[in-house]
Amino acid sequence: MNIQIKEEIAAELRKIRAGLNLSLEDVSSKSGVNKDTICRYENNQVNMNIDILFKILCSYGIDFYIFFKSINANKQNAAPTEISNTN
C-alpha cells in the first residue's frame, strides 16, 4: 500500500476517534480490536489489515466506502496547484 495513503488513513482514523470523543478503550470494546492495534493503526506503525480496519470503522458507524471516498476527497483537495510562470 502506498505510504502516503497509509498516512492519510491513519490521520483520518485519529481524527474520527477524536471527533467522536472516544478513547482507545471505547473503540476496542465496540470493535473487538485490541487497543494497541488501534493505536498502531492510528500512528501508521503496522501494515493495515482490511478486516480490522472494517471493524474499527463499523464501531464508528462509518461506511467503508464513505471512509475511502473521504480519503480520496482529502487527497484531491491537497493536490498542489500549478504555478504559472509569467515571464
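In the predicted model, K30 is exposed, its relative accessible area being 52%, a value that falls in the exposed class because that class begins over 50%. K30 lies in helix 2, and the side chain of K30 comes to 3.2 Å from the backbone oxygen of S59. A further relation across the sequence involves C58, whose C-alpha atom is 8.8 Å from that of K30 although 28 residues separate the two along the chain.

The next residue considered, S31, also belongs to helix 2, which spans residues 24–31. S31 has a relative accessibility of 12% and therefore counts as buried, the limit for that class being under 20%. When neighbours within four places in sequence are set aside, the contacts of S31 are with I38, K55, I56 and S59. The C-alpha atom of S31 is 8.4 Å from that of L57, a residue 26 positions away along the chain. The side chain of S31 also reaches a backbone atom, namely the nitrogen of V33, at 3.1 Å. S59 thus appears in the surroundings of both residues, as a contact of S31 and as the residue whose backbone oxygen is reached by the side chain of K30.

Two of the residues in contact with S31, I38 and I56, also take part in the packing of helix 3 against helix 4. Helix 3, comprising residues 35–42, and helix 4, comprising residues 50–60, pack with their axes 11 Å apart and at an angle of about 95°. The two helices are therefore roughly perpendicular to each other, since angles of 65 to 115 degrees are assigned to that class. On the side of helix 3, the contact is made by T37, I38, Y41 and E42, and on the side of helix 4 by I52, L53, I56 and Y60.

Aromatic residues provide another set of relations, with three aromatic pairs present in the structure. In one of them, F64 and F68 have ring centres 5.1 Å apart and ring planes at 65°, so the pair is edge-to-face, the cut-off for this arrangement being over 60 degrees. Both residues lie in helix 5, which covers residues 64–78, and because they are four residues apart they are separated by about one helical turn. F64 is partly exposed, at a relative accessible area of 23%, and F68 is likewise partly exposed, at 27%. F68 also pairs edge-to-face with F67, with 5.1 Å from centre to centre and 90° between the planes. F67, by contrast with these partly exposed residues, counts as buried, with a relative accessibility of 2%. Ring pairs join F64, F67 and F68, together with F54, into a cluster.

At the level of the whole protein, five helices and zero strands are present, giving the pattern α-α-α-α-α when read along the sequence. Of the 87 residues in the protein, 30% are buried, among them S31 and F67. The protein exposes about 6000 Å², of which carbon and sulfur atoms supply 49%. Among contacts between residues at least 6 apart in sequence, 58% join residues at least 24 apart. The contact between S31 and S59 and the approach of the K30 side chain to the backbone of S59 both link helix 2 with S59, a residue within the span of helix 4.

Note on methods:
Residues are numbered from 1 along each chain as its sequence is written. This is a predicted model: local features need pLDDT of at least 70, side-chain atom pairs count only at pLDDT 80 or more; totals for chains, interfaces and linings use all residues. Side-chain values use heavy atoms; hydrogens and water are left out. Buried means under 20% relative accessible area, exposed over 50%, partly exposed in between (1.4 Å probe, protein chains only). Contact means heavy atoms within 4.5 Å. A polar contact is a pair of N or O atoms within 3.5 Å; within protein, one must be able to donate a hydrogen and the other to accept it, and residues adjacent in sequence count only if both atoms are side-chain atoms. Rings of Phe, Tyr and Trp (its six-membered ring) pair if their centres lie within 6.5 Å; planes under 30 degrees apart count as stacked, over 60 as edge-to-face and the rest as tilted. Accessible areas come from the Shrake-Rupley method with a 1.4 Å probe; for residues, only the protein chains shown count as cover. Axes are lines fitted to C-alpha atoms, for helices over the stretch in contact, and angles run from 0 to 180 degrees between N-to-C directions. Angles under 35 degrees count as roughly parallel, over 145 as roughly antiparallel, 65 to 115 as roughly perpendicular and the rest as oblique.
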